[in-house]
Each structure stands twice: as C-alpha cells, then as structure tokens.
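Colleague: Please give me a close look at a single part of this model. Start there, then work outwards step by step.

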Amino acid sequence: MFSGLSAFPLTPMNESSIDESAFLRLISNLVAHKVDSIGVLGSTGSYAYLSIQERMRIAKIAIEQAQEVPVIVGIGAMRTRDVLTLAEDAQKAGADALLLAPVSYQKLSDDEVFILYETVTRFLSIPLCVYDNPATTHFIFSDELHVRIAQLPKIGSIKLPPLPADPQAARLKIEQLRQRIPAHVSLGISGDAFALQGLQAGCDAWYSVIAGLFPVATQKIIDAFKAQNTDEARRLSEHLEPLWAMFKQYGSIRVVATSAELLGLVEHPCLPLPIHSLGGKAREKLEGILKTLQLM
C-alpha cells in the first residue's frame, strides 16, 4: 500500500456543497487504471477547507468506490480532538490507512508534533503515513524527528517533500534515514516535478497530485523506472515539464483543478473560496499545454 503510485484526487466543490458525482468520476478513473493506492483528503483534496461531516462523506464515497484499491484518508486538523474524531470516523468507514500532517495556526515545536503523533497512534488499528509538507503546514521536520516518530506503533510511511537537487545528496539522505527507521516504514516522495529524483534516490512510493487526474502519464514514468530504463523515465518526466512549470507558478491545486474543468470532469467552480482555478491567459496557456501533451 505504501509503495508504487499513490494518486491524490481533487475534492470538487462549490460554496454550497461537495460535487459527489464529479468526485465519483475521479475515483472511478483511478480504479480503472489500477493505481496502487488512492489518497483522499490530502492537500489537493482541500481537507483543510471541509467540515468534519464533509470529510466523513468524502472518505465513505472513496472507500465504497475504490473496490480493491487501498484508500489512504487524510486526518489533519487544527485541534488534536478533531484529528482523533477524523481518525475514528475513517477507521469505521473502512479506510486502509491514514495520512496526518501537523496542521497549526501557531508554530509548533518538535515535541508538540511528536506528542500529536504519539497521541493519535494510540487509537489506531490501521497504519498511519506521516505527512511532511512544509509548503502548507510551514513546519519543517528534522531527520531526528522523523526517526523519533517512526518508532511509534502504526507508523507505516513517511511522505517526504522534494529531496536535495544533487542526486548524490538525495540518495545519501534516503540511505541515512533508512538506516535509522524501522524496516517496515516506507519512504515516499511528493512534489511531482521531483518524483523521479526521489525514486532514483531510493523512495518506495510516489505520492502524486497529477496522478489524481492523469494516472496513465504518471504510471508510465513508474513503469520505466521499475524496468531500469532510466533514460525513458527521465524523458517521460521531462515531457511533463510544462505542467511542472505551471505548478511552480500557480500552485498544483489550481493547475489540476483547472485541468479537470477543461476536461469536463468537474464543474466550474470546483475549489473552495477564496481559492480560484485559473482564468484568462493562464487558463488558455494550460489548455494549450494539455493539448500539446495529448492529455486532452
């Protein structure tokens, strides 16, 4: 479950409700293309903008629709009490695993983050993935904190942000971390533009935003990597560079949401305000990129 391609889809919505029909279409597409796991209510799933009740509904829909594909459910929240509620709800719904980021308005200390994970894991019957996402939480995990948390029961994976740009430094970081964490804890890479680098450095999983919409394009990269066809894997990743550039300029959630709108998979608007999908020249540019890449 914590290896291969893990696809993180949007949670389409407007200010009135979640678009359940559109969400079902996105999940069905991932099931049809046999991704290794589906991650709902991650950052691309806009978990921070949804009520506990809405999140429970999304988790249930995904789990019911996913068939044999494992579902990882995000449970990050501002209050530990809410995290525990979300964890309990997801477990009752039949989630295969949970994903937890240390969300907070106030800056957290290492000890506070450790206590969060220590508290939550006491109530789990399924594995938990540590979500290291400084771009959204503004909390930076040290290797020491990762090692400390990895010793807790039910920790199954660590979702890492992009690694150092230098391949040797990236490989060394993964090797050193592996030597200090339990063997059953996998390491996964996020940040789609840097995913191949993470896999080459020794990561077990690719936790992917773009796979939530384009699983075929991302699976081809994984397949080439597994076949040890490094040149082809690099070519396929570089082929998507125009999308990576849009991610960097506008943020991945806006680019993926706009792509889903352009493909007719979701209605406009599909993001929680005040976030907007792309408009004007940026939207036209993205449409041109999708056509050039033969993604629409």
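Modeller: Helix 8 supplies five residues to the lining of the second largest pocket, the most of any contributor. Helices here are DSSP runs of H or I with at least four residues, strands are runs of E with at least two, and both are numbered from the N terminus. A word on the source: this is a predicted model, where local features need pLDDT of at least 70, side-chain atom pairs count only at pLDDT 80 or more, and totals for chains, interfaces and linings use all residues. Residues are numbered from 1 along each chain as its sequence is written, and side-chain values use heavy atoms, with hydrogens and water left out.

Back to the pocket. Its volume is about 310 Å³. The search used a 1 Å grid over the protein atoms alone: a pocket is an open set of points with protein on both sides within 12 Å along at least five of seven lines, a cavity is a set where a 1.4 Å probe fits but cannot get out, and a lining residue has an atom within 4 Å of a point. Grid points are joined across faces, edges and corners, and a volume is the space filled by probe spheres set on the points.

The second largest pocket has 15 lining residues. Nearest its centre lie Ala193, Phe194, Leu196, Gln197 and Gln200. Helix 7 (167–180), helix 8 (195–201), helix 10 (230–239) and helix 11 each supply at least two lining residues. By class, eight are nonpolar, three polar and four charged. Here Ala, Val, Leu, Ile, Met, Phe, Trp, Tyr, Cys and Pro count as nonpolar; Asp, Glu, Lys and Arg count as charged; the others, Gly among them, count as polar.

Follow helix 11 next. Helix 11 (241–250) also helps to line the largest pocket, and gives the most to that lining, with five residues. The largest pocket has a volume of about 1000 Å³. Its lining has 40 residues, and the closest to its centre are Ser43, Asn133, Ala135, Thr136 and Ser252. Helix 5 (134–137), strand 8 (205–208) and helix 12 (252–262) each supply at least two of them too. The lining divides into 20 nonpolar, 14 polar and six charged residues.

Aromatic rings come next. Rings of Phe, Tyr and Trp (its six-membered ring) pair if their centres lie within 6.5 Å; planes under 30 degrees apart are stacked, over 60 edge-to-face, and the rest tilted. That rule gives four aromatic pairs. Take phenylalanine 139 and phenylalanine 141: their ring centres are 5.1 Å apart and their planes stand at 90°, so this pair is edge-to-face. Tryptophan 244 and phenylalanine 247 are also edge-to-face, at 5.8 Å centre to centre and 65° between the planes. Both lie in helix 11, three residues apart, about one turn of the helix. An α-helix has 3.6 residues a turn, so residues three or four places apart point the same way. Are the two rings of helix 11 on buried or exposed residues? Buried means under 20% relative accessible area, exposed over 50%, and partly exposed in between, with a 1.4 Å probe and protein chains only. Tryptophan 244 has 5%, so it is buried. Phenylalanine 247 has 12%, so it is buried as well.

Ring pairs also link Tyr117, Phe139 and Phe141 into a cluster. Tyr117 is one of the buried residues of helix 4, and others include Val113, Phe114 and Leu116. These buried residues pack against helix 3 (80–93), strand 4 (97–100), strand 5 (128–131), helix 6 (143–150) and strand 6 (155–160); contact means heavy atoms within 4.5 Å. Helix 4 runs over residues 110–121, 12 residues in all, and should span 16 Å; its end C-alpha atoms are 17 Å apart, which agrees. The expected span is 1.5 Å times one less than the number of residues.

Helix 3 leads to one last space. There is one cavity of 30 Å³ or more, and its volume is about 50 Å³. Helix 2 (52–65), strand 3 (71–74) and helix 3 each supply at least two residues of its lining. Helix 2 gives the most, with four. By class, the cavity lining has eight nonpolar, one polar and two charged residues.
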